[in-house]
Amino acid sequence: MFLEELTLKNYRNYEQGYWQFQNKVNVILGENAQGKTNIMESIYVLSMAKSHRTTNDKDFIRWDEDYAKIEGKVGKKNGPIFLQLIISKKGKKAKLNYIEQPKLSSYVGHMNVVMFAPEDLNLVKGSPQIRRRFIDMEIGQVSPVYMHELAQYQKVLQQRNQYLKLLQSKKQTDETFLDVLTQQLVELAAKITLKRYEFIELLQTWAAPIHAEISRGNEQLAIHYCPSIDVLDKQQLSRIVEVYNDKFAKIKQKEIERGTTLIGPHRDDLSFTINGKDVQTFGSQGQQRTTALSLKLAEIDLIFSAIGEYPILLLDDVLSELDDFRQTHLLDAIQGKVQTFVTTTSIDGIEHRVIHDADVYEVVSGQMRRR
């Protein structure tokens, strides 16, 4: 698949803009704070209906305007599709082929993107929250049901935490409602946990050989899912429910004392090992970056294996963060394979055919023009 057309109105520092793109590498040049990343973000938001940079949708709307609009025409093997997202202070409206979608989960998944930004280099050494977000966004690309279940989980979790605080402060004493919320949470948590196990298993399949290739066969990467409950590997859904129920029963009083939910997918993590050693603790910066790069390249193949089309790749200011060898490997991997958008302040010194053959755009003060 590839993005054929992009239209923006009142989006961040873009009053309006319309561009046509080829199914190839598109380089977006510009100094910092001119709007390069805003273009990348708009493509990501068009796909995922949320940003990789902010959780506040109002940030998308240009200063003193009431709404922002992103539209795209996406070329797919079965013909083009048209996507539209309108973000206002009241919320988001999503249209697929000009028909408004009742839920965002029925909109997400029709255009697939893989974003690789400097913050993704923190996948290995950053906080568990970064890794959970990575898992959730990538599973959501190929499983809209997962996004729906995750949203439901967050709602129940919020309710449960509020009620735990009431019990903690003795403003409530009846634990019956807590038990009802716990049961709702367990059903959703078990589904999310199982989906995460399945995803990590697939990601491992694609990432390990990529990492071995980048490391010239010297390193073996393993990805480990670390759930907050004692489930050692992928098991039946009923078994995961059972483990959650047992654990919640045991920690009920502790949760009331602390006023918060102590287990569940919101406490999960990932870990990575190279040749059996933990990368976060013992890995060099180069190994940590190779791991992050391997994960991102694996996503491309994973999405292709799931839907039969390659996603669109967004490389936001990341080439300058990679050394020449990793940079070359990345560019070799995408050559002639995926439509790619690359933002950078300069392409001087990047000696690769992919960049030489690219369409180049320049951004100045919220205006982007083909060079």
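Which residue forms a salt bridge with E4? In this model, which is a predicted one, the partner is K73, and the closest N and O atoms of the two side chains are 3.5 Å apart. E4 belongs to strand β1, which covers residues 2–11, while K73 belongs to strand β4, which covers residues 67–75, so the salt bridge ties together parts of the chain that are 69 residues apart in sequence. Side chains of opposite charge can pair when their charged atoms come close. A search of the whole structure finds 21 salt bridges, and a few of them can serve as a path through the model.

The next pair to look for is R131 with D269, a salt bridge in which the closest N and O atoms are 2.6 Å apart. R131 sits in helix α2 (residues 128–142) and D269 in strand β10 (residues 269–274), so this pair ties together a helix and a strand whose paired residues are 138 residues apart in sequence. R131 has a relative accessibility of 1% and therefore counts as buried, since the cut-off for a buried residue is a relative accessible area under 20%. D269, with a relative accessible area of 19%, is buried as well.

Helix α2 also takes part in another salt bridge, for D136 in that helix is paired with R196 in helix α4 (residues 176–214), and the two residues are 60 residues apart. The side chains of R196 and D136 meet at 3.0 Å, taken from N to O. R196 is buried, because its relative accessible area is 2%, and D136 also counts as buried, because its relative accessibility is 10%. Elsewhere, salt bridges join into a network that links R12, E41 and R53.

Charge can also be followed on the surface, where E15, D64, E65 and D66 form a negative patch. Of these residues, E15 can be placed in strand β2, which runs over residues 14–20.

From charged side chains we can turn to aromatic rings, which make ten pairs in this model. In one of them, the ring centres of F21 and Y361 are 5.4 Å apart and the ring planes stand at 65°, so the pair is edge-to-face. This pair links distant parts of the chain, because F21 is in the loop between β2 and β3 (25–29), whereas Y361 is in strand β14 (residues 359–364), and the two are 340 residues apart. Both F21 and Y361 are buried. These two residues, together with F341, form one aromatic cluster.

A second aromatic pair is made by F82 and Y98, whose ring centres are 5.2 Å apart and whose planes stand at 25°, so the pair is stacked. F82 lies in strand β5 (residues 81–88), and Y98 lies in the loop between β6 (91–96) and β7 (99–100), so the pair ties together parts that are 16 residues apart in sequence. The accessibility of the two rings' residues can be read in turn: F82 is partly exposed, because its relative accessible area is 27%, whereas Y98 is exposed, because its relative accessible area is 61%.

The backbone offers another kind of detail. Most residues other than glycine have a negative phi. Against that background, N10 has a positive phi of about 55° although it is not a glycine. N10 lies in strand β1, the strand that also holds E4, and N10 is buried, because its relative accessible area is 4%. A49, which is not a glycine either, has a positive phi of about 65°. A49 lies in the loop between α1 (36–48) and β4, and A49 is buried too, because its relative accessible area is 3%.

The last stop is helix α8, which spans residues 324–334 and contains L331. L331 is buried, because its relative accessible area is 1%. Taken from C-alpha to C-alpha, L331 and Q367 are 27 Å apart in space, while in sequence they are 36 residues apart.

Notes: Residues are numbered from 1 along each chain as its sequence is written. This is a predicted model: local features need pLDDT of at least 70, side-chain atom pairs count only at pLDDT 80 or more; totals for chains, interfaces and linings use all residues. Side-chain values use heavy atoms; hydrogens and water are left out. Patches are made of residues with over 30% relative accessible area and no salt bridge: like charges are joined within 9 Å, nonpolar side chains (Val, Leu, Ile, Met, Phe, Trp, Tyr) within 5 Å. Accessible areas come from the Shrake-Rupley method with a 1.4 Å probe; for residues, only the protein chains shown count as cover. A salt bridge is a side-chain nitrogen of Lys or Arg within 4 Å of a carboxyl oxygen of Asp or Glu. Lys and Arg count as positive and Asp and Glu as negative; His and the chain ends are not counted. The place of a charge is taken as NZ of Lys, CZ of Arg, CG of Asp or CD of Glu. Helices (H or I, at least four residues) and strands (E, at least two) are DSSP runs, numbered from the N terminus. Rings of Phe, Tyr and Trp (its six-membered ring) pair if their centres lie within 6.5 Å; planes under 30 degrees apart count as stacked, over 60 as edge-to-face and the rest as tilted. Buried means under 20% relative accessible area, exposed over 50%, partly exposed in between (1.4 Å probe, protein chains only).
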